[in-house]
Amino acid sequence: MCGIVAVIGSREAAPLLLGGLRQLEYRGYDSAGLATLKILGNDQPGLLTCRKAKGKLVNLSSLVEEDGSPGHLGIGHTRWATHGKPEVHNAHPHTDSLSRVAVVQNGIIENYRSLKQELETDGVEFVSDTDTEVIPHLISRELRYLQEEGLSANEATLLKAVQRVIKQLKGAYALAVIWVDTPDAIVVARNQAPLVIGLGEGEFLCASDTPALAGFTKTILPMEDGEVALLTPLGIELYNHQGDRQQRTPSLLTGGEYFADKSNFRHFMLKEIHEQPDIAELWVARHLPAGLPEEAPVALPFDSSFYESIDQIQILACGTSRHAALVGAYLLEQFAGIPTSVFYASEFRYSPPPLAPNTLTIGVTQSGETADTLAALAMETQRRKANQDPAFAPRLLGITNRTESSLARQIPNILDTGAGIEIGVAATKTFLGQLFAFYGLAINFAARRKSRSSQEILSLCNDLRSVPNHLRSLVDTHDELAEELAHIFAETQDVIFLGRGINYPIALEGALKLKEISYIHAEGYPAGELKHGPIALLDQRVPVISIAVPGIVFDKVLSNSQEAKARDAQLIGVTPDLQGDEIFDSLLPIPEVSELISPLLTVVPMQLFSYHIAAHRGLDVDQPRNLAKSVTVE
Ligand code: G6P
């Protein structure tokens, strides 16, 4: 997690660092810091200024505005605490004992305990609780050794020191280093954490993610694992893990530039919920133009034979993406007839199922940066490549909203969810985009494998074409409805969400949304499971939100809801108006649509209900406590 930025050029570094960090705040926002180096004169060490503040970036901005941070070179950090509480002393940059070396890091140094012990034995005193602090001390020690070996204090020596230190580090990380003795050089390095260098006019900006480059440059050089780069005003020197110089042509950032803008909405999350009808419309226009599905099936990056060569699918994901994957699995199994399993990526990486032949592995991650998902996919690719039998060869597909992300670089076949940059930490419109991707996939599998008749496929396509209009009226009408209901339940302690079949994952997603932004305890259950435990929690203080859509489990869900009502629970129905009004105490009505497409609609009342509860409680909806949008640590 965390976001790092480094900049070197002819302009003042601090405003550029703050601008970059602002775009990276989605990666963590519990504290922030920067360090700049000012050149004082030939053969003189530079002046190192380090500013840190607890809380949001705005606190650091005020501090820098008041106290200044001079220099044309610097490094910055926005933190999501892993080791050590979010306090100023744990905020980056961290320095060595003499404040001559400063470091920012994103990731986790897994062997920091043993390194720290070793340094403490050498007499080093630590001032933070972080894993990162070992790095400046180690670099400082290597610089001393190198100078004792006769090397002079120049950028080549700094580079060498960093190269030696990263050989001692274990874990996934990206880091940037400055040294007072080289006030015109920055060294950056990455290992399994993203880092991209932007090439401006006589200046370079290196960051964890491309949004930090907005307004700076579109020419980029994404770094590869194990690489180290030396940035000076003269250019970039790139080295691989073995220390061999690398030559790579920079690429052009496509469509990556954006500036966060809330329009007239109070929060990004609300704006993003309201963008969903447009996203649906775009998907329909792009993938379901008029015509028979066999002639114009949803455009996907595979040829026909691919669909016939797959015997089963496994999907790896985390958080909201995993809920989209569960809807996807339902579609792929129940509509397209392919056995499909969904795994938490964090579990899969350490306990994968035995290798099965002819398996498509799908990684779903809106950010394309989630460490567990990327690592699980890498592990799966490796173990499949190690098998000689072609039936076990890796067949991979990535579903992401960020086509320039690490996922897109790791996997050749990518489905773009096309939802546009999402700022709110709680995913909404990107979830919808992921659902659409799975509808597209299921239609393709069903059509190419002939597991469904043309009529059935056509009917699903037509239903999907109706979604944008339904969504438009839903977001319009439900904003007010959900707000009223949210005010009634704003102080509740627990909420139970029930769903079944294709809407069970929506119950999970409803509960996750509420937990994430309102800090109210919530659980999603398959409605049939209520009686096997959760029913013991129910009384008049526990509202139950039940998703009941006409279809194969409709009556079952209504019966399960009755069971909750009989225990005095306040029952809220996400159900078509006519069907539910006798059972439910309140309604968040949805249009009567086929059960198969209903998750595209039932999720909207969930999102709005959570949003309005959190907003009513005066919480920071877009940047909820303890969370981050992109989770780049394990
Ligand atoms: C974090 C975010 C969630 C997100 C999850 C997976 O936990 O707070 O909103 O669902 O990561 O993110 P991904 O980018 O892989 O979809």
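**Figure 1. Glutamate 422 in the loop between strand 20 (414-416) and helix 13 of the predicted model.** With a relative accessible area of 6%, glutamate 422 is buried. A polar atom of the glutamate 422 side chain lies 3.1 Å from the backbone nitrogen of lysine 429. Beyond residues up to four places away in sequence, glutamate 422 touches Glu272, Gln366, Ala427, Thr428, Lys429, Thr430 and Lys629. One of these contacts, Gln366, is also among the residues that come nearest to the ligand.

**Figure 2. The shell of 13 residues around the ligand.** Ser321, Thr365, Gln366, Ser367 and Thr370 come nearest to the ligand. Divided by character, the shell comprises four nonpolar, seven polar and two charged residues. Helix 9 (residues 319-335) supplies the largest share of the shell, namely three residues. Oxygen atoms of the ligand take part in several short polar pairs. A polar side-chain atom of threonine 365 lies 2.7 Å from a ligand oxygen, and a polar backbone atom of glutamine 366 is 2.8 Å from an oxygen atom of the ligand. For threonine 370, an N or O atom of the side chain is 2.4 Å from a ligand oxygen. Taken on its own, the ligand has 390 Å² of accessible area, of which the protein covers 91%.

**Figure 3. Threonine 365 in the loop between strand 18 and helix 11.** Threonine 365 has a relative accessible area of 3% and is therefore buried, the limit being under 20%. Besides the ligand oxygen at 2.7 Å from a polar atom of its side chain, threonine 365 has a polar side-chain atom 2.9 Å from the backbone nitrogen of glycine 368. Leaving aside residues up to four places away in sequence, the contacts of threonine 365 are Ser321, Thr370, Thr373, Ile399, Thr400, Asn401, Leu407 and Gln434. Of these, Ser321 and Thr370 also belong to the residues that come nearest to the ligand, and Thr373 is one of the buried residues of helix 11.

**Figure 4. Helix 11 (residues 371-385) and its surroundings.** The 15 residues of helix 11 reach 21 Å from the first C-alpha to the last, close to the 21 Å expected at 1.5 Å a residue. The buried residues of this helix are Ala371, Asp372, Thr373, Leu374, Ala376, Leu377, Glu380, Thr381 and Arg384. In an α-helix there are 3.6 residues a turn, so residues three or four places apart point the same way. The cover over the buried residues of helix 11 includes strand 16 (312-317), strand 18 (359-364) and strand 19 (395-400), together with helix 10 (345-348) and helix 12 (406-410).

**Figure 5. Helix 19 (residues 599-616) and the glycine that follows.** The end C-alpha atoms of helix 19 are 26 Å apart, which agrees with the 26 Å that its 18 residues should span at 1.5 Å a residue. Helix 19 is largely enclosed by the rest of the structure, because 17 of its 18 residues are buried. Just after the helix, glycine 618 adopts a positive phi of about 70 degrees.

**Figure 6. Isoleucine 39 in the loop between strand 2 (31-38) and strand 3 (47-54).** Isoleucine 39 has a relative accessibility of 51% and counts as exposed, since the limit is over 50%. Apart from residues up to four places away in sequence, isoleucine 39 touches Pro183 and Asp184. The C-alpha atoms of isoleucine 39 and glutamine 147 are 21 Å apart, while 108 residues separate the two in sequence.

**Figure 7. Backbone geometry at proline 93, serine 263 and lysine 450.** Most residues other than glycine have a negative phi, and most peptide bonds are trans. The peptide bond from histidine 92 to proline 93 is cis, with omega near 0 degrees; proline 93 is situated in the loop between strand 4 (73-79) and strand 5 (94-95). Serine 263 has a positive phi, near 50 degrees, and lies in the loop between strand 15 (251-252) and helix 6 (268-274). At 45% relative accessibility, serine 263 is partly exposed. Lysine 450 likewise has a positive phi, near 55 degrees, and is placed in the loop between helix 13 (429-448) and helix 14 (454-465). Its relative accessibility is 66%, and lysine 450 counts as exposed.

Key. Residues are numbered from 1 along each chain as its sequence is written. This is a predicted model: local features need pLDDT of at least 70, side-chain atom pairs count only at pLDDT 80 or more; totals for chains, interfaces and linings use all residues. Side-chain values use heavy atoms; hydrogens and water are left out. A residue is near a molecule or strand if one of its heavy atoms lies within 4 Å of it. A polar contact is a pair of N or O atoms within 3.5 Å; within protein, one must be able to donate a hydrogen and the other to accept it, and residues adjacent in sequence count only if both atoms are side-chain atoms. Accessible areas come from the Shrake-Rupley method with a 1.4 Å probe; for residues, only the protein chains shown count as cover. Helices (H or I, at least four residues) and strands (E, at least two) are DSSP runs, numbered from the N terminus. Ala, Val, Leu, Ile, Met, Phe, Trp, Tyr, Cys and Pro count as nonpolar, Asp, Glu, Lys and Arg as charged, and the others, Gly among them, as polar. The expected span of a helix is 1.5 Å times one less than its number of residues. Buried means under 20% relative accessible area, exposed over 50%, partly exposed in between (1.4 Å probe, protein chains only). Contact means heavy atoms within 4.5 Å.
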